[in-house]
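Here is a short set of exercises to work through with the model open beside you. Try each task before you read its solution.

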Amino acid sequence: RRSPHEAGIAYERFIGYQYEQQGNKVHYQGALAGRQDLGIDLVCRFENRYLIVQCKRLSPAVGAPVRENTVAQVFGAAAYWREAALKKGEILENSLVIPTIVTSFELSEQAKAFARLLPVDFRENELFRSYPAIKCNLKANGDKIYHLPMDQQYDKIDMSREGTSYVDTVIEATERG
């Protein structure tokens with residue numbers, strides 16, 4: 001059994017995994033920064049495009065949609081993140097920063113209107129599914145290692161690096177060395 005916080009982190013990791021499979025480098029800000037995440041769960045980078053993602057794991061059975069305050073929050077968080085990243089020299093002036101919401105349920109009609117106006121991208125009905133959650137990577141010295149979701153370094157692993165992969169089981173990770 002997971003607490004609501006643990007369930008939220010698991011959903012963020014699942015969505016991050018999807019973005020990694022599309023070629024993005026993903027920073028797991030929600031899992032790493034906790035309450036100091038600025039309302040940003042994931043920062044997904046592909047070339048000069050950055051998605052600033054807020055993940056909302058909601059129960060379709062409860063029927064409570066994402067509201068317009070969440071849309072406004074992710075829009076503001078993306079603007080704040082962009083300015084901070086520019087000042088630190090982490091992104092270029094012409095970098096594309098896209099506020100994004102991914103939810104397991106849906107946005108209210110008013111939230112969708114906010115999203116179109118601001119603009120904020122969104123994906124609805126993205127239900128949590130099983131995925132290969134064990135991260136295999138290479139240490140700096142070339143040694144192979146795997147990380148389970150409960151490992152301290154799990155969310156810090158850069159899965160865009162050469163030699164990284166996801167697997168379903170510890171047996172599979174062990175067989176890969």
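**Exercise 1. Decide whether Asn 125 is buried, partly exposed or exposed, and find what surrounds this residue.**

*Solution.* Start with the classes: buried means under 20% relative accessible area, exposed means over 50%, and partly exposed lies in between, with a 1.4 Å probe and protein chains only. Asn 125 has a relative accessible area of 48%, so the residue is partly exposed.

Next, place the residue. Asn 125 sits in the loop between β5 (121-123) and β6 (134-138); helices (H or I, at least four residues) and strands (E, at least two) are DSSP runs numbered from the N terminus.

Then look for contacts, meaning heavy atoms within 4.5 Å. With neighbours within four places in sequence set aside, Asn 125 touches Thr 103, Ser 104 and Phe 105. From Asn 125 to Leu 107 the C-alpha distance is 9.4 Å, with their positions 18 residues apart in sequence.

A note on the source: this is a predicted model, in which local features need pLDDT of at least 70 and side-chain atom pairs count only at pLDDT 80 or more, while totals for chains, interfaces and linings use all residues. Residues are numbered from 1 along each chain as its sequence is written, and side-chain values use heavy atoms, with hydrogens and water left out.

**Exercise 2. Check whether the length of helix α1 agrees with its number of residues.**

*Solution.* The expected span is 1.5 Å times one less than the number of residues. Helix α1 covers residues 4-21, which is 18 residues, so the span should be 26 Å; the end C-alpha atoms are 26 Å apart, in agreement.

Now turn to its surroundings: 13 of the 18 residues of α1 are buried, leaving the helix mostly covered. Just past α1, Gly 23 adopts a positive phi of about 100°.

**Exercise 3. Trace salt bridges and say which parts of the chain they link.**

*Solution.* Begin with the principle: side chains of opposite charge can pair when their charged atoms come close. The rule here asks for a side-chain nitrogen of Lys or Arg within 4 Å of a carboxyl oxygen of Asp or Glu. By that rule there are ten salt bridges.

1. Lys 25 pairs with Asp 158, with 3.2 Å between the closest N and O atoms. This pair links distant parts of the chain, 133 residues apart: Lys 25 is in strand β1 (residues 25-27), and Asp 158 is in the loop between β7 (144-147) and β8 (165-167). Lys 25 is partly exposed, at 42% relative accessibility.
2. Arg 82 and Glu 93 meet at 3.7 Å, N to O. Arg 82 belongs to helix α3 (residues 68-88) and Glu 93 to the loop between α3 and β4 (96-103), so the bridge ties together parts eleven residues apart in sequence. Glu 93 is exposed, with a relative accessible area of 59%. A network of salt bridges links Arg 82, Glu 83 and Glu 93.
3. Glu 124 pairs with Lys 112, the closest N and O atoms being 3.5 Å apart. Glu 124 is in the loop between β5 and β6 and Lys 112 in helix α4 (residues 109-117), so parts twelve residues apart in sequence are tied together. Glu 124 is partly exposed at 24%, whereas Lys 112 is buried at 16%.

**Exercise 4. Give the strand order of the sheet that holds β1, and identify its edges.**

*Solution.* Strands pair if DSSP finds at least two bridges between them. The order is β1-β2-β3-β4-β5, an open sheet of five strands with mixed pairing. β1 and β5 are the edges, each with a single partner strand, so one side of each has no neighbour in the sheet.

Look at one pairing: β1 and β2 (residues 42-46) are antiparallel over three bridges, and Val 26 stands opposite Cys 44 in β2.

**Exercise 5. Repeat the analysis for the sheet that holds β6.**

*Solution.* Here three strands form an open sheet in the order β7-β6-β8, with antiparallel pairing. β7 and β8 are the edges, each with a single partner strand, so one side of each is left without a neighbour in the sheet.

β6 and β7 are joined by four bridges. Opposite Cys 136 stands Tyr 146 in β7, and Cys 136 is buried at 8% relative accessible area.
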